[in-house]
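Here is a short set of exercises to work through at your own pace. Keep the structure open beside you, try each task, and then compare your steps with the solution.

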Amino acid sequence: MIDPSKPDLEESVNVTAAHDRVLRGAAAAAREKQLLENGAEPTSLWIVLLCVVVGLAAGTAVNRAGMFNYRSTVQDDYVRKIPGAGGDEKLPPMTAVDAYKKKGEKIFSKCVGCHGADGKGDGANYPPLAGSKFAEGETERFAMIILNGLTGPTSSGKTFGVMPAQGAGMSPEDLACVMSYVRNSFGNAVGDVVTPKMAAAALEISHNRPKAGNAVTADELNADHLKMLPGDKLDPAMMVDPITLEPAEAK
Ligand code: HEC
C-alpha cells in the first residue's frame with residue numbers, strides 16, 4: 001500500500017506533488033494568450049474584421065463623394081464609336097437593295113469557301129451561284145437550300161455533291177441580306193430585296209418541313225417550295241439606314 005503523503009522512490013522527490021505542479025502550470029499556460037514563436041500575439045479576429053468594415057466604409061465614402069469615377073478615366077472619343085450604337089452620327093442613307101447587299105456580303109463569307117467570292121463556284125465540286133436558277137428564282141426554294149443544304153441535282157441538272165445546311169445561327173435579317181446579296185451580285189440582277197419578314201417566314205417553313213434536319217432534294221424543292229416567300233415587298237430603291245435598315249429620309 002502506498003502512502004501518498006510519504007515520499008516514494010527517492011527521498012527528495014514527491015512525485016504526487018510534482019505531478020500536481022505540472023498540472024497547475026499547464027492550466028495556467030492554457031489561460032494565457034497564445035504566443036507565436038517570435039513572442040508576438042496573433043492578430044485578433046476582431047481586429048481583422050474591424051479593418052474590413054473600415055475599408056468598406058472608406059471605399060463607399062470615396063465612391064459616394066465622387067472622388068473616383070471610372071468615366072473620368074476615359075477620354076472622350078478615345079474609343080472608336082460604333083455607328084448606330086447610341087452614336088449621334090448616322091451613316092448616309094442608301095437604297096434598300098444596296099444596304100441589304102452590303103450586309104449580305106458579310107454573311108456571304110459563310111459561302112465563299114465553296115462558292116467563291118465571285119460566286120462562280122469551282123466547276124467541279126461546287127456549282128456557281130452566278131446565273132443559278134435556284135438562287136435567282138423562287139425565294140422560298142432558295143431559302144430552303146441555304147437553311148437545309150441541298151442534295152442535288154442542282155438547277156443545271158448536275159449533281160455536285162451535298163451542300164451542308166447553313167442556317168445555324170442565321171437571323172431573319174442575316175438570311176434576308178445574304179439572299180438579297182446573291183440575287184443581285186456576280187452578274188445576277190433580280191433587282192428585288194428579300195425582307196427580314198420574308199426570311200422569318202422561310203425559317204418557319206424550314207422548321208416545319210416533314211424532313212426537317214435533312215438536306216432538301218430537287219424533288220422536294222419542286223414539289224413543296226416553288227413559291228415566293230410571303231410578306232410585303234420592299235421597294236428596292238427606297239432609301240434606308242444602312243445599319244438599321246429602317247426607312248430614312250433622303251437628304
Ligand atoms: C461546304 C461547302 C458549301 C457551302 C459553305 C455552301 N454551299 Fe451552296 N452548295 C454546295 C454544293 C456542294 C452544292 C451542290 C449540291 C448538289 O450537288 O446537290 C451547293 C448548291 C447551292 C445552290 C444551288 C445552286 C444551283 O444552281 O442549283 C445554292 C443556291 C447555294 N448552294 C447557295 C449557297 C449559299 C447562299 C451559301 C452560304 C450561305 C452556300 N451555298 C454555302 C456547297 C456549299
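Of the 251 residues in the chain, 27% are buried, where buried means under 20% relative accessible area, exposed over 50% and partly exposed in between (1.4 Å probe, protein chains only). The model is predicted, so local features need pLDDT of at least 70, side-chain atom pairs count only at pLDDT 80 or more, and totals for chains, interfaces and linings use all residues. Residues are numbered from 1 along each chain as its sequence is written, and side-chain values use heavy atoms, with hydrogens and water left out.

**Exercise 1. The fold**

Work out how many helices and strands there are in the chain, and the pattern they follow along the sequence.

Step 1. Counting gives 9 helices and 4 strands; helices (H or I, at least four residues) and strands (E, at least two) are DSSP runs, numbered from the N terminus.

Step 2. Reading along the sequence, you should arrive at α-α-β-α-α-α-α-β-β-α-α-α-β.

**Exercise 2. The iron site**

Find the protein donors of the iron atom of the ligand, and explain why the arrangement is octahedral.

Step 1. Donors are N, O and S atoms within 2.8 Å of the metal (3.2 Å for Na, K and Ca); water is not among the atoms, so sites may look incomplete. The protein supplies NE2 of H115 and SD of M163, which lie 2.0 to 2.1 Å from the iron atom of the ligand.

Step 2. Place the two residues: H115 belongs to helix 4 (residues 109-115) and M163 to strand 3 (residues 162-163), so that the pair, 48 residues apart, links distant parts of the chain.

Step 3. Check the angles. Six donors count as octahedral if opposite donors are over 155 degrees apart and all others between 65 and 115; four count as square planar under those limits, or as tetrahedral if all angles lie between 85 and 135 degrees, and anything else is irregular. Here the 6 donor atoms around the iron atom of the ligand subtend angles of 86 to 179°, so the arrangement is octahedral. For reference, the ideal angles for six octahedral donors are 90 or 180 degrees.

Step 4. Look at accessibility. H115 is buried because its relative accessible area is 10%, while M163, at 23%, is partly exposed.

**Exercise 3. Two pockets**

Describe the largest pocket and the second largest pocket by volume and lining.

Step 1. Start with the method. On a 1 Å grid over the protein atoms alone, a pocket is an open set of points with protein on both sides within 12 Å along at least five of seven lines, the probe being 1.4 Å, and lining residues have an atom within 4 Å of a point. Grid points are joined across faces, edges and corners, and a volume is the space filled by probe spheres set on the points.

Step 2. The largest pocket has a volume of about 560 Å³. Its lining holds 32 residues, with H115, P127, L129, I145 and M163 nearest the centre. Two or more residues each come from helix 4, helix 5 (133-136), helix 6 (139-148), strand 3 and helix 7 (172-183). Helix 4 gives the most, with 4 residues.

Step 3. Sort that lining: 20 nonpolar, 11 polar and 1 charged. Ala, Val, Leu, Ile, Met, Phe, Trp, Tyr, Cys and Pro count as nonpolar, Asp, Glu, Lys and Arg as charged, and the others, Gly among them, as polar.

Step 4. The second largest pocket comes to about 220 Å³. It is lined by 13 residues, and Y100, T195, P196, D232 and L234 lie nearest its centre. This lining divides into 7 nonpolar, 2 polar and 4 charged.

**Exercise 4. Cysteines and backbone details**

Say how many disulfides a search of the whole structure finds, and then locate the cis peptide bond.

Step 1. The search finds 0 disulfides, a disulfide being a pair of cysteine sulfur atoms within 2.5 Å. C111 is buried at 18% relative accessibility, and C177 is buried at 1%.

Step 2. The cis peptide bond joins G152 and P153, with omega about -10°. P153 sits in the loop between strand 2 (150-151) and strand 3, and is partly exposed at 36% relative accessibility.

Step 3. Now examine F186, which has a positive phi of about 60° although it is not a glycine. F186 lies in the loop between helix 7 and helix 8 (196-207).
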